[in-house]
Amino acid sequence: MSSSVSSPDKPRTVTGKVFALSDRAIAWLFISPTILLLLAINIFPLVWTIYLSFTNYRANQPGRAIRWVGTRNYERLLGNEDIWGYLQATAHFVLWTMLLQVVIGFGLALLINRNFKGASFWTTVILIPMMLSPAVVGVFWTYIYQPQTGIFSYIVNFFADVGPLDMIGSVDLAPWSIIIVDTWMWTPYIMLLCLAGLRSIPDYLYEAAEIDRANAWQKFFYITLPRVMPFLMLAVLFRGIENFKMFDMVVELTSGGPGSTTEVASINLKREAFEKWRTGYSSAFAIILFVTVFGLSNIYVKALNKVKQ
Amino acid sequence: MTAAPDKAFSVGTVSARSKLIAAILVTAYALVAVIPLVWILATGFKSPPDSISYPPKVLFQPTLEGYVNLFTSRTRQTPEYIKSLGPPKTWYDELARKRNMVISGPSRFKDRYLNSVIIGFGSTFLAVFLGTLAAYGFSRFKVPLKDDLLFFILSTRMMPPIAVAIPIFLMYREIGLSDTALGMILLYTAVNVSLSVWLLKGFVDEIPKEYEEAALVDGYSRLQAFVKTVLPQMRSGIAATSIFCLIFAWNEYAFALLLTSGQAQTAPPFIPTIIGEGGLDWPAVGAGTTLFLLPIVIFTVLLRNQLLRGITFGAVRK
């Protein structure tokens, strides 16, 4: 769009004159409010967090003088064995949820793509959980998970006599309690993206394969999978980032317990920042998490672009 | 990554038998997935003893006790005292008195719900307003560093909310926005504007430039051309974007939990506290959850064809 489009026509009416701004002026007028808002509410706080991460500031003692402590917060964090435990809990959660959701989601997408009668109705039903509030979902799953009276334990016992299942209270089961809920909630997301991938494959590819007498497996591995891969990887990127930051659902389900079995990174960050009020230290932790998410997603996007080619 | 139109199904011929198997498996998954939702809906209509009976009750005598408990605060009284009050005036008084309770006033649920509505609609309006302008700017004009700016807008979403909450907490405390609806509206607008710009830019890109060019030739200014030709065609895109922004603001929990308390608290951080108020009052939790989730379920059904676009920031269009 060059300026030659707007220059020849002179405004003919009075209102035309009032509205006659140059394209350049309009572009900046339209874009700058958004940029300013993001600078004020995202970038300024980020810079402030970076500054605080080098200090010993405590938000519950605003009167106290802020002292510069150099990289001490970062040294403490990286030397703290518990932090590695929290990151491990996070990685365990991210890896299992992604694996389960990719397998189930892709499988469902393949089935739905057979386009049976009623497919679109059931697809809509399946999609509902992912639109709900994760915190509220966490609350009502605690009810479903009640060991003595909950319906989850009841259904499991209906098929296998294992006694009351304390999903949230037991050290072995608690990580799985959040993995199950997350899988229930977000499998539809992976499914929807795989479905978009499947529907982008033109029919003639399969017809050509048929002429070449390819069997079903060959068709899947040489046509379906490569075509769906970019969509699948995009879905895993989005969900992976979200699950790395996971907070809401875990707070309401297990709040990090029992002990610190499900203490994922965000939960620990909240504890340090808003319960122990170690603002400087938790700012350093926040920066480390941000850099990790940013770095991982950049590597992932590069891999994604390679797959696309 | 633009997908082919809906009709282009990739599987040419599917046998009736494999269609049947697919139908059975998908239906089975959907039915299992919907159990938790049906269960919470049913719990809202159970009596407290029914809600904690074992085995779990599928058939039960429905009651509105959960809803009454959700909207009122009650005090426990002796049967003698309750008798001395005379006959109950309303049906909900009667329900409460059956459990030796007297209604002492409304609960805070209504206020929290109203806060969710105000903050949700306020931030959605602002985010979509700013997003529409920015999307048009990015779509139609040569903006220096355009790709970098767009990536910058998206990257503001990568911060963990707790990490953002630390400096926002300090900043709001300094300028007096702590625990105010205005503070929450501004914060949610900032989070949503990234989604709104990316989604709406996709919608503007799809509108042919020829319409505006024709208007420009007719003597309209650029701004008039935007208002008269582009904006009307963006209507459905703006509607879909608004619903996605509204859903985010409605569901948001971390910021609301950390930055609000008495005044501006929204429903998500409030609902968990219902459990504590009446000592494991699951029917009230079920009632609150139902009322909170119902609008979202309706929006999801309305939006089902735009969903893909919304959840991928416009990266995948159907």
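Here are some short exercises on this two-chain predicted model, each with a worked solution.

Residues are numbered from 1 along each chain as its sequence is written, and chains are lettered from A, with ligands numbered from 1, in the order in which they are written. Since this is a prediction, local features need pLDDT of at least 70 and side-chain atom pairs count only at pLDDT 80 or more, while totals for chains, interfaces and linings use all residues.

**Exercise 1. Work out what secondary structure chain A has, and how spread out its trace is.**

Step 1: Count the elements. Helices (H or I, at least four residues) and strands (E, at least two) are DSSP runs, numbered from the N terminus. Chain A has 13 helices and 0 strands.

Step 2: Check the overall size. The radius of gyration is taken over C-alpha atoms, and the globule rule is 2.2 Å times the number of residues to the power 0.38. For 309 residues a compact globule would come out near 19 Å, but chain A has 26 Å. Along its principal axes, the C-alpha trace of chain A spans about 85 × 75 × 35 Å.

Step 3: Look at burial. A residue is buried if 20 or more other C-beta atoms lie within 10 Å of its own, exposed if 12 or fewer, and partly exposed in between, with C-beta atoms placed from the backbone. In chain A, buried residues make up 43% of the 309 residues.

**Exercise 2. Do the same for chain B.**

Step 1: Chain B has 16 helices and 2 strands.

Step 2: Its radius of gyration is 25 Å, well over the 20 Å that the globule rule gives for 318 residues, so chain B is more spread out than a compact globule. The C-alpha trace of chain B spans about 85 × 65 × 40 Å along its principal axes.

Step 3: Of the 318 residues in chain B, 44% are buried.

Step 4: Now for contacts. Two residues are in contact if their C-beta atoms, placed from the backbone, lie within 7 Å. Take the contacts in chain B with a separation of 6 or more: residues 24 or more positions apart account for 75% of them.

**Exercise 3. Describe how the two chains touch.**

Step 1: Chain A brings 92 residues to the contact and chain B brings 96 residues.

Step 2: On the side of chain A, the largest share, 15 residues, comes from helix H2 (residues 23-52).

Step 3: Sort that side by class. Ala, Val, Leu, Ile, Met, Phe, Trp, Tyr, Cys and Pro count as nonpolar, Asp, Glu, Lys and Arg as charged, and the others, Gly among them, as polar. You get 63 nonpolar, 18 polar and 11 charged residues on the side of chain A that touches chain B.

Step 4: Zoom in on one residue, B:Ala23, in helix H1 (residues 16-43) of chain B. Not counting residues up to four places away in sequence, B:Ala23 touches A:Phe116 and A:Gly118. B:Ala23 is partly exposed because 19 other C-beta atoms lie within 10 Å.

**Exercise 4. Work out how helices H12 and H15 of chain B pack.**

Step 1: Two packed helices are described by the angle between their axes and the distance between the axes. Axes are lines fitted to C-alpha atoms, for helices over the stretch in contact, and angles run from 0 to 180 degrees between N-to-C directions.

Step 2: Helix H12 (residues 235-251) and helix H15 (residues 282-303) of chain B pack at about 155 degrees, with their axes 11 Å apart. That makes H12(B) roughly antiparallel to H15(B) (under 35 degrees is roughly parallel, over 145 roughly antiparallel, 65 to 115 roughly perpendicular and the rest oblique).

Step 3: B:Ala240, B:Ile243, B:Ile247 and B:Trp250 in H12(B) meet B:Ile296, B:Phe299 and B:Leu303 in H15(B). By class, this contact has 7 nonpolar, no polar and no charged residues.

**Exercise 5. Place the unusual backbone spots in their loops.**

Step 1: A cis peptide bond joins A:Gly257 and A:Pro258, with omega about -10 degrees. A:Pro258 sits in the loop between helix H11 (248-253) and helix H12 (265-274) of chain A.

Step 2: A:Arg213 isn't a glycine, yet has a positive phi of about 60 degrees. Find A:Arg213 in the loop between helix H9 (203-211) and helix H10 (216-244) of chain A. A:Arg213 counts as exposed because it has 7 C-beta neighbours inside 10 Å.
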